[in-house]
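Let's take a walk through this fold together, one piece at a time. Please keep the viewer open as you read.

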Amino acid sequence: MEQVEKVIDEKKQGKPLLIEQKEGNAKKLFIESYGCQMNMNDSEIVAAILAEEGFNTTGNIEEADLVLVNTCSIREKAETTVRNRLKKYNAVKKVNPKMKVGVLGCMAERLKAKFLEEEKIVDLVVGPDAYRDLPNLVEEVEAGRDAVNVILSKEETYADVSPVRLNSNGVSAFVSITRGCDNMCTFCVVPFTRGRERSRDPKSIIEEIRSMNDQNFKEITLLGQNVDSYLWYGGGLKKDFKKASEMAQATAVDFAQLLNMCATEFPKMRFRFSTSNPQDMTLDVIHVMAKHKNICKYIHLPIQSGSNRMLKAMNRLHTREEYLELIENIYKIVPEMNLSQDMIAGFCGETEEDHKDTLDLMEKVKYSFGFMFAYSERPGTLAAKKMEDDIPLATKKRRLQEIINLQQEHSLYRAKEHVGKIQEVLIEGTSKKNENEWKGRNTQNTVVVFPKENYKLGDFVNVKIEDCTTATLKGTAVGYSENN
Ligand code: SAH
Ligand code: F3S
């Protein structure tokens, strides 16, 4: 338990993930996760599967029987981080020769058995759809044989696996609703590493949330590569929906309906979702958001570039004009909505003019937050095959910096809009800077810190916002919110 306490509240990226120990489990699993929230959630699924096989998690790699690293391939840097981590494992193996090492996630899927040749330390390679096979694979490895399963599935959603919540603050949790992606943005490796898009049975989603509610969790983030394209019609791939029976088509559940179901069934819980691709977002979703107080008024709405020429080259199936129109309509329905972006600087063929279009679009939207990256060519993608990665690194970096600087200005502009208001904040933990202050988020996803007084972790509190920096609002509690 001491270990568990220690890692709570630290940034989870690349940190050992721990759970409370299951009695009678003798083997020790050290698992760490890189990349997106979906990977974190997958690691929780993996820990649940292996808990049934006698593994308890440990934060001390030197005592681990099995070391698993859940990997990300989205940019080259993400892969380099994992390779460096594997080098570190080599040193650990000298003091802990019994440990076996497995690679999970997107790099496992991308590199397959090649991993075993390239990284001698690796004994086990498991892709994102093959975690159910881990008990067999681990048995192979324990018998001294290497094991690989990178088969992608048309059905797997791990609907019936209850993830164990690793490093949880006990307040907010992630629930996966779709897996894979069918969008084929030309720069993106995800469709290759995570396979075709499939949605999870809404019943199993509601049941998982019910169990989180019973455990006193207060906030759920519904996760998918592309949540707005969620569609349940009895199982199978999204692309096969048209072939489904009339009955299945008539009773299908889309994302707006799923969101409505969740918010109605659990009125005391907060709901968030991520990520939305603008081309798949319907105003139905926005109307559902307007209808329910417990759906947070925040959308992560990546566009990647403000230039129509670039959007086309990226196979993003909308124009900047359509995107701006969508945002205008969103504000008409939910005026207090906050938006964030992902941007890629220096995609193939990007001119200064295209880059200016990105800055100009940002000026028009003034996002609250942003996640910004220099383009990184990924093997196997359409861009890698058909387009030249022709923007010099220095230019990519300069453009990226200009985008980041502008986003900083906009984040401050948006943060200031909250000052003077009283906002509901869910307490998620102690502020990193001051242990006498709580940290939480308002509905728009902006971090708020305020003096602790007698409030507790997991309380919904009304906070008067008095001041701000670019990323954080500061305030004072004025009482419990009606949701408490
Ligand atoms: N729909 C996904 C997007 C996954 S990738 C989600 O749920 O988040 C996250 C972000 O990484 C993308 O929006 C894009 O901005 C960035 N990205 C993806 N591929 C990239 C590449 N090859 N180079 C640089 N950035 C990339
Ligand atoms: Fe990647 Fe585009 Fe899907 S960014 S995850 S292919 S929506």
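What follows goes through two sheets, the helices that pack on them, one proline and a ligand shell. Keep in mind throughout that this is a predicted model.

A good place to begin is the sheet of 6 strands, which is open and has the order β2-β1-β3-β4-β5-β6, with parallel pairing. At its edges sit β2 (55-57) and β6 (147-149), each pairing on one side only. On average, neighbouring strands here are turned by 20 degrees against each other, direction ignored. As a reminder, the strands of a sheet pair through backbone hydrogen bonds, in either a parallel or an antiparallel sense.

Within this sheet, look at strand β3 (residues 66-71) beside strand β4 (residues 100-105): the two pair in the parallel sense over 6 bridges. If you want a spot to fix your eye on, L68 stands opposite G102 in β4.

Now add the helices that lie across these strands. Helix α3 (residues 76-95) crosses β1 (27-33), β3 and β4, and runs at about 170 degrees to β3. Helix α6 (residues 134-142) lies across β1, β2, β3, β4, β5 (124-126) and β6, and its angle to β5 is about 165 degrees.

Helix α6 also holds a residue worth a stop, P135. Is P135 buried or exposed? Its relative accessible area is 18%, and the cut-off for buried is under 20%, so P135 counts as buried. Leaving aside residues up to four places away in sequence, P135 touches I49 and E53. The C-alpha atoms of P135 and E52 are 8.8 Å apart in space, although 83 residues separate the two in sequence.

Next comes helix α2, residues 37-51. At 1.5 Å a residue, its 15 residues should span 21 Å, and the C-alpha atoms at its ends are indeed 21 Å apart, so expectation and model agree. Of those 15 residues 14 are buried, which means that α2 is largely enclosed by the rest of the structure. Helix α2 also leads us to the other sheet, as it lies across β7, β10 and β13, running at about 90 degrees to β7.

That sheet is open too, with 3 strands in the order β7-β10-β13 and parallel pairing. Its edge strands are β7 (172-176) and β13 (270-274), each of which pairs on one side only. Neighbouring strands in this sheet are turned by 25 degrees against each other on average, direction ignored.

Strand β10 (residues 219-223) pairs with β13 in the parallel sense over 5 bridges. Helix α10 (residues 255-265) packs on the sheet and touches β10 and β13, its direction making about 155 degrees with that of β13. To follow the pairing residue by residue, start at E219, whose bridge partner in β13 is R270, and then move to T221, which stands opposite R272 in β13.

How many of the residues of β13 are buried? The count is 5 of its 5 residues, so to speak a mostly covered strand. R270, R272 and S274 point one way from β13, F271 and F273 point the other way, and all are buried.

Finally, turn to ligand 2. The residues around ligand 2 are C181, N183, M184, C185, F187, C188, V190, P191, Q225, N277 and R316. Sorted by class, this shell has 7 nonpolar, 3 polar and 1 charged residues.

Terms used
Residues numbered from 1 in each chain as written. Chains lettered and ligands numbered in written order. Predicted model: local features only at pLDDT ≥ 70, side-chain atom pairs only at ≥ 80, totals over all residues. Heavy atoms only, no water. Helix = DSSP H or I, 4+ residues; strand = E, 2+ residues; numbered from the N terminus. Expected span 1.5 Å × (residues − 1). Buried < 20%, exposed > 50% of the residue type's maximum accessible area, 1.4 Å probe, protein only. Pairing = 2+ DSSP bridges. Axes fitted to C-alpha atoms, helices over the stretch in contact; angles between N-to-C directions. Contact = heavy atoms within 4.5 Å. Near = heavy atom within 4 Å. Nonpolar A, V, L, I, M, F, W, Y, C, P; charged D, E, K, R; others polar.
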